[in-house]
Amino acid sequence: MSSHEGVVQQAEIVALEIRVRGRVQGVGFRPTVWRIARDLGLSGEVLNDADGVLVRVGGDERSVAAFVERMASEPPPLGQIDRIKTQAFRGNLPHQFRIAASVSGTAHTQIAPDAAICDACVAEIKNPSDRRFRYPFTNCTHCGPRLGIIKGIPFDRAKTTMAPFAMCEACGAEYRDPADRRFHAEAVACHACGPKATLLRLDGRLASGGRHSMRDSVDAARSLIEMGEIVAIKGLGGYQLTCDATNADTVARLRRSKRRDAKPFALMARDLDIIRSYCSLGGEEQRQLTGASAPIVLLDGGGSKRLPEAIAPGLSTLGFMLPTTPLHVLILEHLDRPVVMTSGNLADEPQVIDDAAARHRLAGIAPYALVHDREIANRVDDSVVRIMADRARVFRRARGFAPAPIPLPPGFEEAPELLATGGQLKATFCLVKDGAAILSQHQGDLEDAAIFDDYRKTLTLYTELFDHAPVALVADRHPEYLSSKLARELEQTGPLPLIEVQHHHAHVAACLAENGRALDAPAVLGIVLDGLGWGDDGTLWGGEFLLADYRRYDRLGTFRPVAMLGGVKAAREPWRNLYAHLVAEMGWAKFATNFSELDLRADLSRRPRTILDAMVRSGINAPKASSCGRLFDAVAAALNICRERQAYEGEAAARLEAIVDQDTLRLEDEAFSYPFTIEAISGSHLPCIEPLVMWQALLGDLVSKTPAPVMTARFHKGLARAVVAMVTNLARRDGNIGPRFDTVALSGGCFQNRILFEEVVRRLKQKNFVVLTHAQVPPNDGGLALGQAAIGAAHLIGANTDQSEGSAPCASGFLAVS
Ligand SMILES: [Zn+2]
Ligand SMILES: [Zn+2]
């Protein structure tokens, strides 16, 4: 009888080998597997290797099935399973399920982004009887630093900036115990063994006791902030500057000393209730603020309280985040008001990460610094997110998001390894590996030498972390972008071929790629509204309608090209674009006669018109640009909302958006919106959005002293109508063969404007177009590298399978083909 039972049991025993790929290392995946296996009484083992996690498990059939099911559905908080593959296993298995030693090899696995402190760790640092009470570097497997501390692979303590801190006995025991939340948490630390925070005076004077709290350095920093001081904080991915956001004098002092005249300051508050007293907070906003990525979320002001105007001059939004590290939690714990939490730098320089540089560069801004003795390995800025059309849209992708890979769409499975070097402003780069795109964290504007240095350093790090060996380079066609020059240099000095990609085509491809649009899907109409990009005809583009897939594009429409008077100066000084627009559209004489009573006329007539007109005639230092961004600048200048100078890219457009009157936008008859026409550019058949009638209506409203909020609403609505009219015109084809495209992809920095974005999306959907938009990667040039990577990969895949594709990448060609 018993032997019979034994046979039956024997027959039911199964053993599987399970391969798990995705973000499964350094996130507590093995202990999760171990716990489930022990729960179910299974035998076997789990280990890390170069491909991810390998599980061998044995037991009765039903339990093994339950195991696979639970492993797939209960990943640890920071884990993410991309693929699970199972096969029968025929070897011996350890009777008690165990975590086996890792097997090293080439890297095909993922590095998790930095994650905000988890609830369990918050509870510990607030609990007076916990051994980590008030310990500012507390973390566990489910939270804490990753990219900010990593220096190489594999991701273990020896390859991080935690290497100098030998674990104490208690931390070591937690680290080795699979049942503990800190099992293999590489940054595990405590008061006894980990980094320590210290408060310094940066101005060289002795830190005097008595004035502030002496409970500990962190609390001392908190009391200094309450007293109206500016304090530099050594954060996770860089130094930050903080002060009481409700103290107008301190905020003004911070602006002056940081030499940052208008760019909005990021804010941090202890909890959602404090944020809610200044902003309106929807469900998705709350989810973003409290998630593991914990970005800065742009929120509409509109709570019961107001912050000083100097926090975000001229804007209606505030950028808030919650405390992201234990250090921040402890500073804010007893502060019942928001603080400024801005990057520690002067003007446009990169955020300081080096202690010596901080003392040198930040001393003139902050008399005090809360520092610690752990090195910052990599500069990782705070990410920025905005909710538009009910979805979270990443505008700056850094802490909490990078370097999580973005899977490439169907058809890209065999994409070779590539490096795309991105753009010039808001630069990022992108690696292609294993069918995914790995987009770097936001680097910044490469014109700054220190930022370009950082960009190259980060590129070297990523090459090592992802064991990346590209077979080709991809870059923007712009002759002057430093990222393109770097790619050309690499091409000339090494064996790698270079694929150059048109700027706006890359924008469209980025949008297609993040939306999972298959490699061979039909072309879409890409609408790219941005500042500037290098056009194929040697002129500057920036308001483009491209029929595009990953391989080709045709420019079907654009904006009326207008001279940029003074070249780059025109991007900084909005009045130059206004003058150029008025002269190009109606001519000075007509403007001066018809609108003689406007202050605007008096203002413009005081400008150096003779020189400006000569520039227009000769085209010297006045390149023509079909730029939507410059149109926004011109309108902001006309309304005197931002006329002389933009303190940061996009300021004029952001200020225009901020004052839009919502009632006019929603309720006023469409007939009042400023009309644009669609006409062929002289000398070509290319249709363009022509603003002459818009200018006449706008200037008329200026004469009749229409309030600016009404005018900006009419402008936004009119522009959205014009864009959608262009799309419907372009979709139309003769005969009964259906529209030329049914899907539209929106990209470019102008789509960070929520009103323009939501109006265009709504109107396109009304016309039954499928609308693809950005969410995971920025619509601005921060997403460019992803599009370049997809185009480069498509070209190389095409070159392998279709010889007729030839060697000219991404050439224009739909009209010729169809
Ligand atoms: Zn934790
Ligand atoms: Zn310890």
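## Exercises on a predicted model

Start with one residue: aspartate 603 is buried, with a relative accessible area of 10%. The structure is a predicted model, and the exercises below go from salt bridges to a helix and a metal site.

**Exercise 1.** Which side chain meets aspartate 603 in a salt bridge, and at what N to O distance?

*Solution.* Step 1: the partner is arginine 607, and the N to O distance is 2.8 Å. Step 2: take the environment of the partner. Arginine 607 has a relative accessibility of 14%. Buried means under 20%, so arginine 607 counts as buried.

**Exercise 2.** Are aspartate 271 and arginine 270 buried, partly exposed or exposed?

*Solution.* Step 1: the side chains of these residues meet in a salt bridge, at 3.1 Å from N to O. Step 2: the relative accessible area is 24% for aspartate 271 and 32% for arginine 270. Step 3: the partly exposed class lies between the cut-offs of 20% and 50%, so aspartate 271 is partly exposed and arginine 270 is partly exposed.

**Exercise 3.** Which parts of the chain does the pair of lysine 433 and glutamate 417 tie together?

*Solution.* Step 1: the closest N and O atoms of this salt bridge are 3.4 Å apart. Step 2: lysine 433 belongs to strand E18 (residues 430-433), while glutamate 417 sits in the loop between strand E16 (406-407) and strand E17 (418-420), so the bridge joins parts 16 residues apart in sequence. Step 3: lysine 433 and glutamate 417 are both buried.

**Exercise 4.** Is helix H6 (residues 217-226) largely enclosed or not, and why?

*Solution.* Step 1: of its 10 residues, 8 are buried, so H6 is largely enclosed by the rest of the structure. Step 2: the buried residues include Val218, Ala220, Ala221, Leu224 and Ile225, along with the charged residues Asp219 and Arg222. Step 3: the buried residues pack against several elements, among them strand E6 (197-201), strand E8 (239-244) and helix H10 (326-332). Step 4: Asp219 and Arg222 belong to a network of salt bridges with Glu226, Asp244, Asp336 and Arg337. Step 5: just after H6, glycine 228 has a positive phi of about 95 degrees.

**Exercise 5.** Which residues are the protein donors of the zinc ion (ligand 2), and what is the geometry of the site?

*Solution.* Step 1: the donors are the SG atoms of Cys168, Cys171, Cys190 and Cys193, lying 2.3 Å from the ion. Step 2: in sequence their spacing is C-x2-C-x18-C-x2-C. Step 3: the angles among the 4 donor atoms are 104 to 116 degrees, and the site is tetrahedral. Step 4: one of the donors, cysteine 171, has 0% relative accessibility and counts as buried.

How values were computed. Residues numbered from 1 in each chain as written. Chains lettered and ligands numbered in written order. Predicted model: local features only at pLDDT ≥ 70, side-chain atom pairs only at ≥ 80, totals over all residues. Heavy atoms only, no water. Donors = N, O, S within 2.8 Å, 3.2 Å for Na, K, Ca; no water. Tetrahedral: all angles 85-135°; square planar, octahedral: opposite > 155°, others 65-115°. Buried < 20%, exposed > 50% of the residue type's maximum accessible area, 1.4 Å probe, protein only. Helix = DSSP H or I, 4+ residues; strand = E, 2+ residues; numbered from the N terminus. Contact = heavy atoms within 4.5 Å. Salt bridge = Lys/Arg side-chain N within 4 Å of Asp/Glu carboxyl O.
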